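Work through the exercises below with the model open. Try each task before reading its solution.

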Amino acid sequence: MFEALQQWLSGWMWDWLAILITLLIQAVVVILPIMLAVAYLTYAERKVIAYMQVRMGPNRVGPYGLLQPIADAVKLMFKEIVLPSQSNLYLFLIAPILAIAPAIAVWAVVPFAPGWVVADIDAGVLYVLAIASITVYGVVVSGWASNSKYAFLGGLRSSAQKISYEIAMGFALVTVLMVADTMNLSKIVEGQQGGIWHWYLIPLLPMFVVYFIAGVAETNRAPFDIAEGESEIVAGFHVEYSGMAFAVFFLAEYAMMILISYMTAIMFLGGWLSPFEGIPLLETLFAWVPAFWWLALKVAFLLFVFLWFRATFPRYRYDQLMRLGWKVFIPLTIVWVFVVMLLHYFKVGPWFN
Amino acid sequence: MSFAQLVFYGFAGIAVLAAVMMITVRNPVKAALWLVLTFVSAAGVWLMAQAEFLGLVLILVYVGAVLVLFLFVVMMLDINLAEMKEGFAQYLPIGIIVSLVVFGLIYLVVGPEHFGLDKTGLPPVHGEDYSNTKAIAVPLYTQHAYAFVLAAVLLLVGIVAAIALTLRRRAPSEALYQDIDAQVRVCAEDRLTMVKMAPEVEPDRVEQGEAEEKRS
């Protein structure tokens with residue numbers, strides 16, 4: 001569809017302009033639903049946590065409070081952005097952009113259904129890992145530029161935390177690559193064809209757990225939200241931010257949450273594949289469900305787990321968090337890389353052949 | 001101008017500009033951030049040259065990890081900018097001489113006469129099934145396996161040295177060490193003793209209670 005548009009455009013304008021316009025339209029088509037999903041994820045978070053704590057949650061704006069995210073967005077847009085004196089003005093304003101730009105750029109390679117992907121590149125996993133590792137700059141720069149002790153502490157904590165958990169995350173992905181024999185995200189999903197017992201979840205169960213928990217730490221979510229830690233350092237890196245600048249940090253955080261859920265679903269839960277493939281009766285019964293819905297369902301469940309974590313666990317102490325990352329996850333993943341290597345070499349079981 | 005050229009010149013221009021800013025900016029934190037921009041645009045240029053593995057690893061390793069640690073250290077330095085500017089004019093001539101010498105050396109080795117399409121020929125354009133990751137991995141693990149393992153050992157020695165230098169063991173009496181395994185293994189029986197005892201009732205209270213009952 002987009003190729004036809006590009007060809008039609010290049011018929012009556014410069015080639016590079018036609019490509020640029022097509023790319024822009026593609027970007028909007030991907031980003032707009034994600035931003036909408038982010039808005040309603042905040043609503044879902046408030047509702048889910050409220051019901052877990054026997055409260056009602058937002059229920060005033062619109063039916064069941066469904067217009068609450070829009071009301072919040074309008075409120076934040078009209079709020080004043082306070083610029084702290086003695087802060088580094090340019091970096092202070094660039095920091096939210098540094099946080100959200102990678103969180104959006106990552107979506108360029110994420111497939112939503114067979115063929116529904118902006119750039120179907122071969123190094124997809126590497127691209128996601130590389131771009132996601134840049135998100136740390138938003139937090140670090142905002143912490144330094146705010147000229148505030150609390151913000152600075154938050155920035156330092158976050159930088160150390162993200163680097164530590166990226167290693168475990170990378171190793172967990174390496175095992176997936178070894179099983180799938182490719183770095184292309186669409187091909188990883190296709191490799192899991194053939195019912196729920198062919199998903200990488202089963203042979204790589206420990207890696208699934210490590211990846212998801214490291215993902216929670218990467219996105220600065222509770223119980224690993226020590227970069228914010230309102231009981232110790234007020235609100236960490238974004239104490240000095242207000243209005244839309246503050247909201248942009250949240251957009252980035254929630255977009256990354258959705259991304260981690262997508263990646264987990266694609267890598268370990270068979271992406272858009274139906275769990276009933278190969279089961280005689282159920283397969284035909286659920287054949288009408290579009291591929292994207294299965295992926296959306298899995299992502300929604302993983303996002304629910306994110307919210308569930310937040311409502312359940314108390315915040316980790318900083319040294320406990322570092323211990324978990326370095327002394328538990330990294331040795332575990334290294335050992336598992338060798339286990340998968342041996343299984344792959346000796347062609348064990350239904351997965352490694 | 002094709003789209004690829006537009007993107008290439010965009011990345012190349014940003015890379016040069018950011019590199020110049022990196023060495024001219026006074027504030028070390030800002031210099032580190034300009035270096036980040038230089039790396040990112042250099043990675044973009046590599047991607048354009050079909051070296052997607054190298055480009056992405058440059059971002060993943062240098063931008064995502066090494067420079068974050070740089071920033072981590074640089075941000076915590078308490079640098080007096082006025083003090084740093086002192087003596088700038090005094091050292092300027094020496095600085096100019098040194099930089100001219102270095103420039104001359106680099107020019108001799110990688111000057112324009114060594115490059116050009118007539119010297120190197122057109123770079124090969126790879127097909128769609130070309131994988132940069134495999135193109136790097138296969139020679140690395142076959143032809144250069146020996147050097148690769150040596151480099152890995154060297155890095156391991158570096159890690160061990162860095163940890164050995166910073167590791168301080170203190171006597172258990174000096175510091176409070178937390179043994180998390182022991183904490184996890186603790187169960188209620190180790191800490192809590194339930195004691196059964198007969199209820200103790202103070203005699204005068206009982207009388208008072210009876211008196212109140214009568215009144216009501």
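Three exercises follow, on helix crossings, a chain interface and a nonpolar core.

The model is predicted: local features need pLDDT of at least 70, side-chain atom pairs count only at pLDDT 80 or more, and totals for chains, interfaces and linings use all residues. Residues are numbered from 1 along each chain as its sequence is written, while chains are lettered from A and ligands numbered from 1 in the order in which they are written.

**Exercise 1. Two helix crossings**

Task: Classify the crossing of α2(A) and α13(A), then that of α7(A) and α3(B).

Solution.
- Start with the helices: they are DSSP runs (H or I, at least four residues), numbered from the N terminus.
- Take axes as lines fitted to C-alpha atoms over the stretch in contact, with angles from 0 to 180 degrees between N-to-C directions.
- Helix α2 (residues 15-52) and helix α13 (residues 291-312), both of chain A, have axes that come within 10 Å and cross at roughly 50°.
- Therefore α2(A) is oblique to α13(A). Under 35 degrees counts as roughly parallel, over 145 as roughly antiparallel, 65 to 115 as roughly perpendicular, the rest as oblique.
- The α2(A)/α13(A) crossing is right-handed (near helix turned clockwise from the far one by less than a right angle; anticlockwise is left-handed).
- For helix α7 (residues 149-180) of chain A and helix α3 (residues 52-76) of chain B, the axes come within 10 Å and cross at roughly 155°.
- So α7(A) runs roughly antiparallel to α3(B).
- Their crossing is left-handed.
- Leu156(A), Ser159(A), Ile163(A) and Glu166(A) of α7(A) meet Gly64(B), Ala65(B), Val68(B) and Phe72(B) of α3(B). Contact requires C-beta atoms, placed from the backbone, within 7 Å.

**Exercise 2. The interface**

Task: Which element gives the largest share of the side of chain A that touches chain B?

Solution.
- Contact links 22 residues of chain A with 22 residues of chain B.
- Elements of chain A giving two or more residues to its side are α2, α5 (124-134), α6 (136-145) and α7.
- The largest share, six residues, comes from α5(A).

**Exercise 3. The core**

Task: Which residues touch the most other members of the largest nonpolar core?

Solution.
- A core joins buried Ala, Val, Leu, Ile, Met, Phe, Trp, Tyr and Cys residues through C-beta atoms within 7 Å. Buried means 20 or more other C-beta atoms within 10 Å of a residue's own; exposed means 12 or fewer, partly exposed in between.
- Among its 119 residues, Ala214(A), Ala255(A) and Ile258(A) touch the most other members.
- Helix α11 (residues 243-268) of chain A supplies the largest share, 19 residues.
- Leaving out residues up to four places away in sequence, Ile258(A) touches Ile34(A), Ala37(A), Val38(A), Leu41(A), Val299(A) and Leu303(A).

How values were computed: Two residues are in contact if their C-beta atoms, placed from the backbone, lie within 7 Å.
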